[in-house]
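Got the viewer open? Let's walk through a few selections together, one stop at a time.

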Amino acid sequence: PEYDAYGMTVVEAAAFGAPSVIHNGGQVGAAHLLRPSHGEIWEVDMKQPMNEVAAEVFKLLATEGDASRDESVGTQAQLRSLQWSESANGRELLQMMKEILKHHAATSDTE
């Protein structure tokens, strides 16, 4: 789907070190948890015709001389998933709130 608020299956796969594929360009909550730029998840345009989606996924899964690529994405996802905890989420939320307040204070001073 183009929109998936959280993507529990992706979270579960990450916890077990299995690589996942998500829609690029959609609003997939898992894209905020696992970062394609860090090799933690793969993105594919799911709006393409299904045969093209299948070809892209097949290309991602084909080893082409690099048998460790799938394992690497799974391992990176698993390492990232181990960082998720209530306290880690609390720290991240606190940091976001501090940044919002700092931005608000800076813009209030200029008005």
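Start by selecting Arg35, which counts as partly exposed at 26% relative accessibility (buried is under 20% relative accessible area, exposed over 50%, partly exposed in between, with a 1.4 Å probe and protein chains only). A word on what you're looking at: this is a predicted model, where local features need pLDDT of at least 70, side-chain atom pairs count only at pLDDT 80 or more, and totals for chains, interfaces and linings use all residues. Residues are numbered from 1 along each chain as its sequence is written, and side-chain values use heavy atoms, with hydrogens and water left out.

Now add Glu40, which is buried at 3%. Its side chain forms a salt bridge with Arg35, 2.6 Å from N to O (a side-chain nitrogen of Lys or Arg within 4 Å of a carboxyl oxygen of Asp or Glu).

Next, pick Arg80: its side chain also meets Glu40 in a salt bridge, at 3.9 Å, N to O. Arg80 sits in helix α4 (residues 69-81) and Glu40 in the loop between α2 and β4 (42-44), so this pair ties together parts 40 residues apart in sequence. Arg80 is buried too, at 16%. Keep Arg35, Glu40 and Arg80 selected together: shared partners join them into one salt-bridge network.

Last stop: the largest pocket, with about 220 Å³ of space. Select its lining, which is His32, Leu33, Arg80, Gln83, Trp84, Ala88, Asn89, Glu92, Leu93 and Met96. Colour by type and you get five nonpolar, three polar and two charged residues. Helix α5 gives the most to this lining, with five residues.

Notes: 1 Å grid on protein atoms, 1.4 Å probe; cavity = no way out; pocket = protein on both sides within 12 Å on 5 of 7 lines; lining within 4 Å. Points joined across faces, edges and corners; volume = space filled by probe spheres on them. Helix = DSSP H or I, 4+ residues; strand = E, 2+ residues; numbered from the N terminus. Nonpolar A, V, L, I, M, F, W, Y, C, P; charged D, E, K, R; others polar.
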